[in-house]
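Got the viewer open and a selection tool ready? Let's take a short walk, one selection at a time.

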Amino acid sequence: MNEVAANRFVVGTAGHVDHGKTRLVQALTGIDCDRWEEEKQRGITIDLGFASMVEDGWQIGFVDVPGHERFVHNALAGLGGIQMMVLVVAADEGVMPQTLEHLAICSLLRIPAGLAVLSKTDLVSSDLVELAELELEEALSETPFAGAPILPVSAQTGEGLERLRAALVELARSAAPIDRHRSLPVRLSIDRAFHLRGLGVLVTGTLARGIVSVGDELDILPAVGRARVRSIEVHGDRRQQAEAGERTSLQLVGVDLEQVARGDELTAPGVYRATTSLLVRCRLLSTAPEPLDGSSPVRLHVNAAQRMGRLRPLEAERLIPGQEAVAEIRLDEPLVAVRGDRFVIRRPSPQTTLGGGEVLDPAWRRPRGKSLGPTIEALNSSDRQAAAVQWTADGREAGLAVTELALRLGVLPLDAENVLNGAARDGLVLQAGAGRFVSAAAVRRVTRRARRLVEAHFAADRLSRGMPKAELVRRLLGARAADLASAYLEWSSRAGKDSSVVVEGELVTLPGRASELTGAESQLARDLVEGFERQGLTPGSPEELCRSLGAKPQVFDGVLRYLVDRGKLVRLPNGLLLAAAALERFQADLFATGWDTFTVADFKDRFGLTRKWAIPLLEHLDRQRLTRREGDRRRVLRPRGQTAPT
């Protein structure tokens with residue numbers, strides 16, 4: 001068992017092929033990272049290798065990446081999760097093309113810390129070492145690693161190794177702490193997946209976020225799958241849990257090897273999501289062979305994943321080498337990404353590193369019908385709240401759910417809710433319900449449109465009591481935002497005089513509005529009610545009554561709806577109409593029969609009704625809970641306090 005370390009740090013080697021990266025890691029850790037027979041035969045690293053050492057209370061894990069240009073895609077799979085770069089340059093050859101490409105990649109990924117090693121110093125004179133150091137210092141000067149320590153080392157003789165160990169620990173101490181990453185939802189990008197007899201499927205990767213424990217259920221993305229962690233190893237030590245910042249091997253159950261591949265991610269359930277559309281801030285290297293314009297094919301690398309896609313600049317027609325701008329990337333296949341992820345883009349053929357940058361929106365949808373400027377400005381900010389406010393506005397009437405923000409940011413819903421609550425306190429968004437927020441602009445749009453729709457309803461039907469709330473919600477919000485109807489209608493009711501509406505039960509009307517009949521309409525209403533009352537339980541059709549009264553059909557229909565709305569006429573389940581007074585007399589007659597139960601035949605005979613009228617009347621009685629159907633009979637349910645006649 002290795003010495004237990006209180007602190008953990010992951011280092012990635014970088015540099016040109018055959019500059020001694022693997023030999024250096026072996027000299028520091030005693031572990032040969034070349035695992036494959038081909039690697040040993042050819043003397044170069046083809047795939048990723050892993051090793052670790054414990055020094056002064058620190059467990060430092062090494063990801064040894066291949067230096068050959070043909071295997072840069074493998075190098076990128078390992079460099080995505082590291083916290084420190086160790087750039088290795090052979091003193092006998094100096095800075096080479098892959099040195100510069102790896103240095104550019106580490107710069108684009110914004111690896112937090114770095115140092116440089118001049119290897120193979122035992123092969124050259126001190127003068128050549130000094131020249132190589134000057135050359136390396138110049139290469140670093142135009143990168144974020146300018147001024148990084150440059151340490152001469154010989155893995156063969158051991159010269160400089162102790163100083164290198166001390167420098168690694170010192171940089172680890174001074175680097176940004178990763179404690180906050182431990183509180184984030186679990187995320188591990190898989191850089192190796194394999195099968196061992198007796199153990200099953202094993203995967204390895206750097207645990208970028210969270211704490212994973214034996215027994216945890218984890219999502220496998222982008223494929224929709226779920227696996228359980230049977231066992232955990234960290235640099236060969238069996239553990240019950242692993243923490244952010246550790247190189248980790250997980251034994252999985254519930255998944256076959258064919259379902260897992262490099263670039264897949266193991267994540268906390270329901271927290272992360274795969275995407276094929278990204279908004280990014282991208283910098284094109286000054287060494288890029290040509291500008292990117294239109295819809296340029298690129299190979300995108302995020303953590304250990306790589307996908308083909310197309311990049312389109314949004315702030316200008318083309319992205320010039322050496323410049324930085326916002327762009328969109330559409331992918332052929334999904335990968336996992338959240339806001340803030342770093343990426344690298346390479347030209348598919350011939351393969352060349354073009355540039356890289358940061359993901360601004362992992363679920364990008366270009367807004368239609370408006371300028372991109374305000375959206376880009378908000379999302380290009382480093383402020384999470386600004387992004388949340390913009391996404392809320394982009395959601396229009398549906399706004400932004402806490403769960404959606406959590407997916408885009410890759411955080412727990414509670415953290416996403418805190419961001420939106422802060423925006424609400426600042427007056428930038430409004431809470432429309434549990435876990436949902438909308439923009440003030442959306443509220444203004446909905447309020448104005450609600451007023452217009454209700455006004456149009458009354459223009460078409462002057463005598464209506466109000467517009468049915470269900471119809472207003474359907475036309476106003478559609479399916480996406482229908483669940484926010486209560487909040488929107490409440491805001492609409494509190495709006496100013498010119499834009500407010502009033503909710504009255506299941507109807508929506510305008511403030512202070514009352515439907516008044518004209519003199520002629522009042523007379524028509526009286527004639528209508530009297531006509532229906534005279535005909536009792538079997539009146540003629542409204543059309544016949546309209547003709548007999550000599551009324552205009554449009555006026556007649558409006559008055560008819562007016563009487564139904566106010567309860568003077570009652571519409572039965574099949575649409576037939578009765579006078580309310582006639583219906584009340586009929587119900588009193590029913591209770592006067594003394595029946596406890598009755599059949600349909602009894603009912604028809606007693607009241608002299610045909611089936612056309614009997615069935616709708618019975619359904620009306622059932623709905624009013626005056627009767628209850630029991631098989632082929634109906635039971636009379638008398639109003640409270642009323643007994644059967646004796």
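Start by selecting β25 together with strand β27, residues 436-438: these two pair in the antiparallel sense over two bridges. Keep in mind as you look around that this is a predicted model. To see how the strands line up, pick L400 and look across to β27, where F437 stands opposite.

Now add β26 to the selection. You're looking at an open sheet of three strands, in the order β25-β27-β26, with antiparallel pairing. Which strands stand at the edges? They are β25 (400-401) and β26 (430-433); each has a single partner strand, so one side of each is left without a neighbour in the sheet.

Keep the sheet on screen and select residues 485-493, which make up helix α14. This helix lies across β26 and β27. Turn the view until you can compare directions: α14 runs at about 130° to β26.

Next stop: the aromatic rings. How many aromatic pairs does the structure hold? The count is seven. For one of them, show the side chains of F586 and F603. Their rings are arranged edge-to-face, 5.8 Å centre to centre, with 80° between the planes. Colour the helices and you'll find F586 in α18 (residues 580-592) and F603 in α19 (residues 600-607), so this pair ties together parts that are 17 residues apart in sequence.

Are these two rings buried or exposed? Buried counts as under 20% relative accessible area. F586 comes in at 2%, so it is buried, and F603 is buried too, at 0%.

Stay on F603 and add F607. The ring centres of F603 and F607 are 5.3 Å apart and the planes sit at 55°, so this pair is tilted. Both residues belong to helix α19, and they are four residues apart, about one turn of the helix. F607 is also buried, with a relative accessible area of 15%.

While you're at F607, show R606 as well: it lies over the face of the F607 ring, at 5.2 Å from the ring centre.

For the last selection, take F586, W595, F598, F603 and F607 together. Ring pairs link these residues into a cluster. Rotate around that cluster and look again for the edge-to-face pair of F586 and F603, then for the tilted pair of F603 and F607.

How values were computed: Residues numbered from 1 in each chain as written. Predicted model: local features only at pLDDT ≥ 70, side-chain atom pairs only at ≥ 80, totals over all residues. Heavy atoms only, no water. Pairing = 2+ DSSP bridges. Contact = heavy atoms within 4.5 Å. Axes fitted to C-alpha atoms, helices over the stretch in contact; angles between N-to-C directions. Phe/Tyr/Trp six-rings, centres within 6.5 Å; stacked < 30°, edge-to-face > 60°. Buried < 20%, exposed > 50% of the residue type's maximum accessible area, 1.4 Å probe, protein only. Lys NZ or Arg CZ within 6 Å of the ring centre and 35° of its normal.
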